[in-house]
Each structure stands twice: as structure tokens, then as C-alpha cells.
Amino acid sequence: MAATKYRFHLDSPALCLMLFATLLLLAAMLPAVPALAAAAEFRETPCWFALPKDRDMRCGHLLVPENRSKADSATIELAVVIFEPDRVRHDPVVYLNGGPGQAARIETREEIDDWWSFIDNGDWLRGRRLVVVDQRGVGLSKPSLSCAEHYSPKVWGGIMSRPEEIVDFDGAQKNEVKACRDALQARHIDLSAYNTAENAADIHDLRSALNIDKWVVFGISYGTKLALQVLEDHPENLVAVVLDSTLPLDVDYVDQDAANFDGVLKKLEKDCAARQECGSDGTSLRTMITEIVQQLDAQPVLLRLKAAGEPSAFTRVSGNDFLEVLFNQFYDRDSIELLPQLIKDTANQNYGPLAEMIGLSGDDGDAFADGMHLSIVCNDGVSAAASFAAFPLLDRWAQNNFYSWACPLWPTATPKRAYKSLAQNRVPVLLLAGDYDPATPTSWAERVIRTTGHSQLVLFRGVGHDVLDTTECGGEVVADFLDNPNAKVSTPCIGDMTEPHFGPPDDKPSVLLTGSAQPAMLHR
């Protein structure tokens, strides 16, 4: 008997069952593909501030998934303000703020006027649409990861109402971080989704939602890391990238403070020794700082702080506190010029200038979303504590860092550790660096230059953090670069930059302040 041959037809139940089983088997063998979250959308709205006369502006909110790896992700809103030029002549610019967690300051008419002043005074922005966005979790964006209601300036500033008051500041700070975390989680905010990768995806989605083909990305401080992430993920949509005070993608910056601080202290001492007005009795600034730290560690000094219209307050300053004050003053050129005199005064136990500095340091807590700051830093990854043996003066100060205890309290995702090589990058990149920058040193900019194709670095003498807001030369350099991004910058003003002009307080402003806002929840 001939063998029976089975024929299957498309409408055969047996064939359907076999095909279904085969498909199930193949599906099990394929790698899992995460479901995609909803697409981004820009919704234009009336501006929430009084519009300036004769100015063209648009406002709105970018709607994006909170967590793009989840199909059922919540939707979040990013506040956006678009400053339109009189006539569009060049590609638009998106401005990425620092922090992380710093608001873009686009809430009030006064802040909008400041932006217009910034545009009017910057040749590099003429004829360009400027897009300013409050990054996720920041400023007017929703949800806000601000923890202002759980933040006490006195706790983080070590301020007492009475000299005899005993306060457990360390314990109070931990309690405030926990309260912030618990409040955000109670609102069902996915804190692990507030990271640089998601942040960069927001910026890409913003460009697409605004129907912009290509644009220039400008980043300051943490915004440079965000810009580099956008460059890594979506170079095809970028005309050029400008990085001011650069934070590389692959630097565990939390453990670099000691090396960075040591570098600017050496530069201060060298520049000071070369200037007659900075002279001393022959004792080096490093020796004076060492003696001050040892003395204040042995016996912290009690300082009375007095502000106009405010009751007196008190604080005890240890060696670590003094180093923290010095570190923060390197952010701003005017404050750098006052540092040698401050060090000499403190060495001579004249604590008036130090008390004035601490008392006038102000509270910029509203400018920061502390929950966003912690989420970014902790989600991006904090390495184990490094050895600071090479910097004995700064050892205890460096190890006393906020993140070492705050990040273990904070919900985080697995940090991104693998980055694409930018060695073959063809998007023109300009880096601006101040040689006195204590937070994002020139060595980091040089690191990016070595690993990023088609990039160039301009170094500014006597400048700390945030070049563009410190010197007009920064804006001139950016303008020249954007006029011809493929050419080497040779702006004349670069050669006119000088080291700081040190002098006594009578020759300088009376207020010693850093020009860059700092996260509220940081030790002084």
C-alpha cells in the first residue's frame, strides 16, 4: 500500500494548530523586546508670565513618558519657553542648564527679562531661536522633584539661634533626605527614571516635537554631560555642540573633588606669588591653609552672623567647613581675587570676613530640585569611596561628601556604564574651560578633547566655573565658532585674558559670593 500523504490547506484546523504552535516556539526563542511608551507631544499654551512688549515668544509643555522602558509609564510635563528672533537667520539653539536639578528660571516676567538681556548681549544668539526648557523634575516641570518643604537652610548651613544650642545637624540632614524621598514616592514618582539617559531622550523628543530638523546644543556644567549624551545618541540632528565647564559622561565626579581642589589651590598659590599686591610675609598660602584647618579642627570657631533685618545667628566653623567655603569661592572670578586676603585674615584670627562670607552666602534652595539632583547623581552612578592619600590636607574634607550617605538612601536604577566611542564624531564641538574651575577642571575638558573627534578647547585664564557668564570673551568665542564650526577658533580676546587681579577688600566688592547656584541639600 502506498504511504498516505497528508496535505494541509490554509483552512485546515490541523495546519492552524501546527502554525500556532510553531509561532509560540519561535516567540519563546526570540529576545524579549520592551514595549514602547507613548510618543512625545508638544502642547503650546499661553505664556504664564506677562509678555514683554515687542518680543515674540511661545510657551508650552512637552509631554513625555516618565520611564520609556515601560509601556504603562506615567506621562510627565516639561515647561518650555521659545524666544523668537526678529528674523531667523541661523539654526536654533537649545540651552541645557546645570545642577543637576537647577531650574531654567522661566517662571516670572523678571526672569524672562533676564533671558532677553542674555540674548541681546550675546552675538552668538542673534538671528537664532532659543529654546529653554525646565528639565524633567525641575522648575515648572511636572512632577516637580523639589523638596523645599522638607529643606531647612539652618540645618544645611549649620546655623544655630543661640551660641549654646546643641543640634545634631548630621542626623537632621539624613531625616530631611528621607522625608524628601518618602514624599516623592508617596506621589508614585518613579525616581529611578530621573537620570541622564531619560533626560537626553527628552531633549531629542523636544526637537522632534517642535519640528526642528537640526539645532545647536549648548550645555553648562551638568548640562554638558546631558549634551554629550544627546551627541552620543542622536548626532544626526545636531549642527554643533557648545560645552561650557565640561562634565564628561564617564567621570565618577563625586570622588574627584580632592584632586580638583588641590589643582586650583596650586594655581592660586602660583599666581598669587607672581603678583606684588598678593605678597605676604613669606608664608605660602598652602601653609596658611594647613595651619587654619588644623587649628579649626582642634577648636572650631563660633561665628556670629548678622544680616540686615534678621536676628543674629551663630555657626561653628571647623577645618572642613573652612575648606568648603574656599572651594565654593573658586567658582567665581571676583571671589577668587579675594581669596588670598581671606586666607591671610583667617590665619591672623580675623574672622570678620569669613563670617561675612558665610552670612551673605544666601539660600538658593528654590532654584534647585533636590530630589532631581539626588536622582541624577545617584542613578548615574557613584563609585566606592576613593583614596585621597595624595591629598592629606583635603583627605577628611573630601571623604565628608554628601552623596556617600545620601545615595544609599535613594531609590536608583542600574547606572549606565558603557558609552559609545565619539572618536569618529563629525559634529563640531567647542569646549570652554576656566583654569580656576574647581568643579569641572580643565583636565576633564582635555579628556573629552582626546576622545571626541572634531572638537576643540578654548582655555580662559583667571576664570572659574561658567565661562559664558563670567567673561564677555566667552560669548565672542562661541559666536566665532558658530560662524564657522569647522574652523579653529582664534578670537583675539582669548589672548587678552589674564590671571586674577588680587587685592585687598577695599578694591573689591564687599559681597563674597559664588556666581553659580549650588544644590540646597549640600554641606556648606
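Helix axes are taken here as lines fitted to C-alpha atoms over the stretch in contact, with angles between N-to-C directions running from 0 to 180 degrees. In the predicted model, the axes of helix α10 (residues 333–347) and helix α11 (residues 352–359) come within 8 Å and cross at roughly 125°. An angle that is neither under 35 degrees, nor over 145, nor from 65 to 115 counts as oblique, and α10 and α11 are therefore oblique to each other. The contact is made by L342, D345 and T346 of α10 with P353, L354 and M357 of α11. Sorted by class, the residues of this contact are four nonpolar, one polar and one charged.

The chain as a whole has 524 residues, of which 53% count as buried. Its secondary structure consists of 16 helices and 12 strands. Among contacts between residues at least 6 apart in sequence, 77% join residues at least 24 apart. The exposed area of the chain is about 24,400 Å², and carbon and sulfur atoms account for 51% of this area.

The largest nonpolar core comprises 66 residues, and within it V131 and W215 touch the most other members. Helix α6 (residues 222–233) provides the largest share of this core, with six residues. Leaving aside residues up to four places away in sequence, V131 is in contact with V80, V81, I82, V93, V94 and Y95, and also with L206, L210, I212 and W215. A second core, separate from this one, has 43 residues, including V264, L296, F322 and L339.

Helix α12 (residues 370–380) is largely enclosed by the rest of the structure, because 11 of its 11 residues are buried. The buried residues of α12 are D370, G371, M372, H373, L374, S375, I376, V377, C378, N379 and D380. These residues pack against four helices, namely α4 (169–186), α5 (196–209), α6 and α14 (403–406). After α12 comes G381, which has a positive phi near 110°.

The loop between α12 and α13 (395–399) contains A390. With a relative accessible area of 62%, over the 50% cut-off, A390 is exposed. The C-alpha atoms of A390 and A258 lie 8.9 Å apart in space, although the two residues are 132 positions apart in sequence.

Helix α7 (residues 257–273) includes N260. N260 has a relative accessible area of 6% and is therefore buried, the limit being under 20%. Beyond residues up to four places away in sequence, the contacts of N260 are with P438, A439, P441 and W444.

A relative accessible area of 6% is also found for V458, which is buried. V458 belongs to strand β12 (residues 455–460). When residues up to four places away in sequence are not counted, V458 touches L430, L431, L432 and A433, together with V477, V489 and I494. Between V458 and V478, which are 20 residues apart along the chain, the C-alpha separation is 9.9 Å.

Technical notes. Residues are numbered from 1 along each chain as its sequence is written. This is a predicted model: local features need pLDDT of at least 70, side-chain atom pairs count only at pLDDT 80 or more; totals for chains, interfaces and linings use all residues. Side-chain values use heavy atoms; hydrogens and water are left out. A nonpolar core is a set of buried Ala, Val, Leu, Ile, Met, Phe, Trp, Tyr and Cys residues joined through side-chain atoms within 4.5 Å. Buried means under 20% relative accessible area, exposed over 50%, partly exposed in between (1.4 Å probe, protein chains only). Helices (H or I, at least four residues) and strands (E, at least two) are DSSP runs, numbered from the N terminus. Contact means heavy atoms within 4.5 Å. Accessible areas come from the Shrake-Rupley method with a 1.4 Å probe; for residues, only the protein chains shown count as cover. Ala, Val, Leu, Ile, Met, Phe, Trp, Tyr, Cys and Pro count as nonpolar, Asp, Glu, Lys and Arg as charged, and the others, Gly among them, as polar.
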